[in-house]
Amino acid sequence: MSDELWQDKPLVLPWLKGRWDYLLELKTQNRFPHALLINGPEGIGKACFAMALANYVLCRSPQGNTACGHCRSCELTRSGGHPDLYLLKPDDPGKPIKIDQVRELTTFIYSTAQQGGYRVVIIDPADSMNINAANALLKMLEEPGEQTLIMLLTHRLGQMLPTIKSRCQRVDMPPADVALATQWVSTQLQVESAEAAQLLVIAHHSPLQALAYKQDDLLGLRAKVLKGLADILKSRRSAVDVAQSLYKEDLELLLGWLYSWIVDIARSAENQADPEILRHTDARNMLLALARKVNHQKLYCFADQVQVARKELMLRHNLNKQLLMEKLLSEWYSLAR
Ligand SMILES: [Zn+2]
C-alpha cells in the first residue's frame, strides 16, 4: 500500500468517513458483523479502509473513533507483522486465490488470538477466489469463532458467489465525492486544483489512480499518445510508425483512453452546438475536429473494435501487440476520411 495512505496509522479517506462512522456505530451497539463484504469502485481507498478497520479492532486503546497509533498492537500493524492480522491475496497480481491458500487460513481462523483480542482477515480481491477456494471459505464464514472479523474486498460484485455474499454484511462504498477528491489529490500532489481535477477525469474519478498517474508520469505518456493520434490524422506519421512507438506501453491503459476519447467524439458529434460536452479537455481540439467530420457508422464500428481488442488483451491471449496497434491506428486514420 502506498505510503500516502498512512500517517501513524492507515487513513480513512474523506469520502469514506460516512461508512466508517456507520460501522463503528454498529460496534458500539454490539452489532458488529463477523464478515464484511466491502464493495466499491477501484482506487477509492477500500484496502486502506479495511486496514484501518483492522487496526482499530486490534488496537488496545482506541481513541474515540480511531486507533491510538502508538500501542504495541498498532506498532505491529504498522510494521506489517501483526500475528492476528491475516492478508489473503493472490500469489501473483491478477491470478486467482487458490484453495490451498484458503486452507492455510483455516489454521489461523481457528487458533487463539496471540494478542488476546480480535483476529482479522482481509481478502483482497475476494472475487479472485476460484470456486474451490470460495467453497472452502464458506465454512469459516458460517462459524468463524468469537472475535473474528473477515473482510472481503471487491470491485466486481457480480463475480462473487451468492453463497458467499449471503453470509457477509455488505458495505457499499460510494464513488469518491468530486469536491473532496479534488481537494485531496491537490493536497497530496501539491498541485493546483485544476490539475487535480484533470487528473481525476483521466483516472475515471479514482483518486488513487490519479496519484499514480502523476507519479508514473502517465500524463507524459498520454500526451505522447495524443500527439501520435494527431500526427496520424494529419498524415505527419504513418499508423505503423506510431504503433511501433507505442505497442510496448501498457496497452490496456492506452486502449481505455482511446475508448474514452471515442465516447467523447460521439457525444460531441451528437451535440455539436455544445463544445463544453467534452470531458477530456487535454485532447479538445483534435476530438472536436474529428467530431465535425466523422462518419457515425465508422465511429461506432471503431469503438467496437477497440472494445474487442481490450477484451483480448485482458484474456492474455498470445497477442501480437504491434499488429494489434497497427490495425487499430490504421482504422483511426480512416475515421476522418
Ligand atoms: Zn493502538
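Let me start with Cys59, which in this predicted model is buried, with a relative accessible area of 8%. Cys59 matters for our tour as one of the protein donors of the zinc ion, the others being Cys68, Cys71 and Cys74, each through its SG atom, and these donors lie 2.3 to 2.4 Å from the ion. The angles among the four donor atoms run from 105 to 116 degrees, and the site is tetrahedral. Along the chain, the donors follow the spacing C-x8-C-x2-C-x2-C. Cys59 and Cys74 link distant parts of the chain, since Cys59 sits in the loop between α2 (46-58) and α3 (72-79), while Cys74 belongs to helix α3, 15 residues apart. Cys74 is buried too, with a relative accessible area of 2%.

Staying in this region, let me turn to Leu58, which lies in helix α2 and is buried, with a relative accessible area of 8%. Although Leu58 and Cys74 are 16 residues apart along the chain, their C-alpha atoms are separated by 7.5 Å. If we set aside residues up to four places away in sequence, Leu58 touches Ser73, Thr77, His82, Asp84, Leu85, Tyr118 and Val120.

With several cysteines in view, how many disulfides does a search of the whole structure find? The search finds zero. Take Cys48 as an example: its sulfur is 13 Å from the closest cysteine sulfur, which is in Cys74, and that is too far for a bond, because a disulfide would need the two sulfur atoms within 2.5 Å. Cys48 is buried, with a relative accessible area of 1%, and Cys168 is buried as well, at 11%.

Next, please look at strand β1, residues 35-39, which is mostly covered, with five of its five residues buried. Ala35, Leu37 and Asn39 point one way from the strand, whereas Leu36 and Ile38 point the other way. Which strands does β1 pair with? Five bridges join β1 to strand β4, residues 148-154, and the two run parallel, with Ile150 as the bridge partner of Ala35. Four bridges join β1 to strand β5, residues 169-172, again running parallel, and here Leu37 stands opposite Arg170.

That brings me to the nonpolar interior. As background, nonpolar side chains in soluble globular proteins tend to be buried together. In this model the largest nonpolar core has 93 residues, and those with the most contacts inside it are Val120, Met151, Trp257 and Trp332. Helix α12, residues 251-270, gives the most to this core, with 11 residues. For Trp332, leaving out residues up to four places away in sequence, the residues touched are Leu229, Ile232, Leu233, Leu258, Ile265, Met286, Leu290 and Phe302. There is also a second, separate core of 25 residues, which includes Ile123, Ala126, Leu137 and Met140.

Finally, I would like to point out Thr182, which is found in helix α7, residues 178-189. Is Thr182 buried or exposed? Thr182 is buried, with a relative accessible area of 13%, and, leaving aside its neighbours within four places in sequence, Thr182 is in contact with Ser193, Ala196, Ala197 and Leu200.

Key: Residues numbered from 1 in each chain as written. Predicted model: local features only at pLDDT ≥ 70, side-chain atom pairs only at ≥ 80, totals over all residues. Heavy atoms only, no water. Donors = N, O, S within 2.8 Å, 3.2 Å for Na, K, Ca; no water. Tetrahedral: all angles 85-135°; square planar, octahedral: opposite > 155°, others 65-115°. Buried < 20%, exposed > 50% of the residue type's maximum accessible area, 1.4 Å probe, protein only. Pairing = 2+ DSSP bridges. Core = buried A, V, L, I, M, F, W, Y, C linked by side-chain atoms within 4.5 Å. Contact = heavy atoms within 4.5 Å.
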